[in-house]
Amino acid sequence: MTLNRTQASLTKAMLLIGALIGGQAQADQAENISTETLYLQQCAACHGPDRLGGMGPALLPDNLGRLKQSEAEQVIREGRPATQMGGYQTLLNNEQIAALTDFIYQPPSHELKWGEAEIRSSQEVSHPQGSLPDKPVFEADLMNLFLVVEIGDHHVTLLDGDKLEPIHRFPSRFALHGGPKYSPDGRYVYFGSRDGWITKYDIYNLKVVAEVRAGINMRNIAVSADGNYVLAANYLPHSMVLFDARNLDMLDFIPVQNDAGDSSRVSAVYTAPPRGSFIAALKDMPEAWEIAVENGEAKVRRMTTDTLLDDFFFDPGYRHLIGAARDGKHGVVIDLDTGQTTAELPLPGMPHLGSGITWEYEGRRVMATPHFRAGAISIIDMDTWQVIKTLKTEGPGFFMRSHENSRYAWADVFFGPNADKVHIIDKQTLEIVRTLQPEPGKVAAHVEFDRYGEKLLLSIWDNDGAIIVYDADTLEEEKRLPMKKPSGKYNVWNKINYEEGTSH
Ligand code: DHE
């Protein structure tokens with residue numbers, strides 16, 4: 001059962017008032033009860049009796065994966081600023097807080113269900129499609145807007161890409177992950193959270209218009225090239241879910257399993273515009289799926305692959321999928337028409353292909369990818385599928401970015417002692433020409449260019465962080481905008497035009 005926001009706030013307020021009035025009596029009583037009962041008394045109103053989440057996030061080991069246990073304990077003790085989560089240190093003693101923390105990091109005692117009924121009943125449509133004005137409530141170039149996801153306090157900032165100033169800041173679901181996806185005209189944006197929530201936001205009216213929970217632990221979402229459908233890919237349960245993009249009505253529930261009944265998590269799903277379909281790769285079965293929508297139903301074409309695939313990337317024509325083998329030691333190129341593996345790429349350490357980029361180099365198209373487990377960037381000829389250069393970096397990286405109009409590509413060093421550094425690569429010499437260290441001691445990561453390729457934004461990935469604006473040509477810093485752990489930034493024009501230097 002999931003409480004709606006109002007019910008959950010009231011229940012939590014009642015619990016807190018009751019607890020404050022009851023004071024010591026309740027604390028004494030709490031000492032003698034099991035941790036599970038304590039959870040039901042203190043946490044279930046917001047986080048759900050099954051720990052599936054409600055107004056608060058799901059409290060399951062997989063969903064909490066990014067939060068260290070010590071940090072979770074601190075949140076229970078002190079609360080989370082700017083959210084409904086208050087501190088429990090006056091209500092619970094240290095042992096109880098530690099026991100509750102242990103409890104939420106244990107797998108649940110029974111199998112959790114999130115099927116069609118649960119998905120449908122989670123849907124909230126605050127402003128049905130067509131009910132809000134078609135004119136933006138602010139003035140700015142609508143094609144040069146940026147969204148900045150701030151994971152420090154779970155907010156999103158809308159930035160004017162010409163003035164490079166914030167227009168609006170609004171709360172997001174807990175732990176957004178992956179790139180938000182725009183509608184083809186750039187008016188709407190769809191966010192996906194690790195807890196499975198899809199939020200549709202109307203940028204013109206600065207309002208959340210619809211929400212639905214597609215799964216318990218979601219990987220990512222994709223929006224079809226025509227803007228009509230949203231497809232969610234889940235880790236838990238093993239499913240994909242198709243929605244009508246207008247109000248997020250569920251259209252189809254797709255169990256991810258083979259004929260033998262084995263099921264799998266989904267590594268990721270992306271839209272493939274020229275094919276008019278979605279492409280997904282499975283994490284636990286060697287298969288890639290092409291999903292087309294016919295009359296509101298998903299039609300799946302299954303391709304058997306030689307290896308299990310992690311994240312992946314496409315060539316510009318979407319003829320080939322370039323996937324990271326789950327063993328982390330090589331990449332594979334799969335012809336999406338025949339389903340055959342056509343090439344293997346020797347790569348030094350798990351590539352992060354989802355953040356690969358491409359450009360023209362000496363008359364041919366090359367792609368570049370950073371690696372999670374090696375201080376290297378691989379540059380690959382997309383005609384011959386040969387690695388033409390391996391650039392040594394100051395540590396493993398997460399994200400790469402460029403723009404067709406810029407001569408430089410930017411790559412972060414996300415892991416290790418040099419995580420505060422960023423490399424700048426000349427796309428025509430394939431050399432690192434500069435390494436910046438914008439804020440010593442703080443991770444510098446993830447770049448996004450403006451629509452013209454003239455300015456770019458870099459995140460200082462810290463609760464006391466910032467977005468730094470650089471001139472893309474002189475590489476000079478222009479200004480800093482303070483933000484709370486800004487992660488990804490997404491420019492409307494670059495995204496809706498599938499710009500070659502950005503992620504899709
Ligand atoms: Fe991500 C995108 C997978 C950990 C921040 N990440 C993606 C995508 C995938 C993915 C498949 C593409 C989805 C899309 O855009 O539609 N990420 C994974 C992992 O498997 C991994 C390594 C482990 C995990 O916990 O899931 C992982 N990712 C992280 C983080 O720890 C990061 C740094 C912080 C966070 O928010 O959890 C992180 N991932 C991001 C960001 C994007 C992303 C900011 C979007 C990049 C973009 O520019 O499009």
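Author: Before we start, one bit of vocabulary: Ala, Val, Leu, Ile, Met, Phe, Trp, Tyr, Cys and Pro count as nonpolar, Asp, Glu, Lys and Arg as charged, and the others, Gly among them, as polar. This is a predicted model, where local features need pLDDT of at least 70 and side-chain atom pairs pLDDT 80 or more, while totals for chains, interfaces and linings use all residues. Residues are numbered from 1 along each chain as its sequence is written, and side-chain values use heavy atoms, leaving out hydrogens and water.

Reader: Thanks! How do the residues of the shell around the ligand divide?

Author: Into eight nonpolar, eight polar and six charged. That shell has 22 residues, with Arg66, His177, Lys181, Arg219 and Ser503 the closest; a residue is near the ligand if one of its heavy atoms lies within 4 Å of it.

Reader: Cool, and how far is the side chain of Lys181 from an oxygen atom of the ligand?

Author: An N or O atom in that side chain of Lys181 is 2.5 Å from the ligand oxygen. For His177, the distance from a side-chain N or O atom to a ligand nitrogen is 3.0 Å. Ser503 has a polar side-chain atom 2.6 Å from a ligand oxygen.

Reader: New topic: how many disulfides are there?

Author: Zero. A disulfide here is a pair of cysteine sulfur atoms within 2.5 Å. Cys43 is in none, and its nearest cysteine sulfur, in Cys46, is 9.0 Å away.

Reader: Is Cys46 buried or exposed?

Author: Cys46 is buried, at 6% relative accessible area; buried means under 20%, exposed over 50%, partly exposed in between, using a 1.4 Å probe and protein chains only. Cys43 is buried too, at 15%.

Conventions. A polar contact is a pair of N or O atoms within 3.5 Å; within protein, one must be able to donate a hydrogen and the other to accept it, and residues adjacent in sequence count only if both atoms are side-chain atoms.
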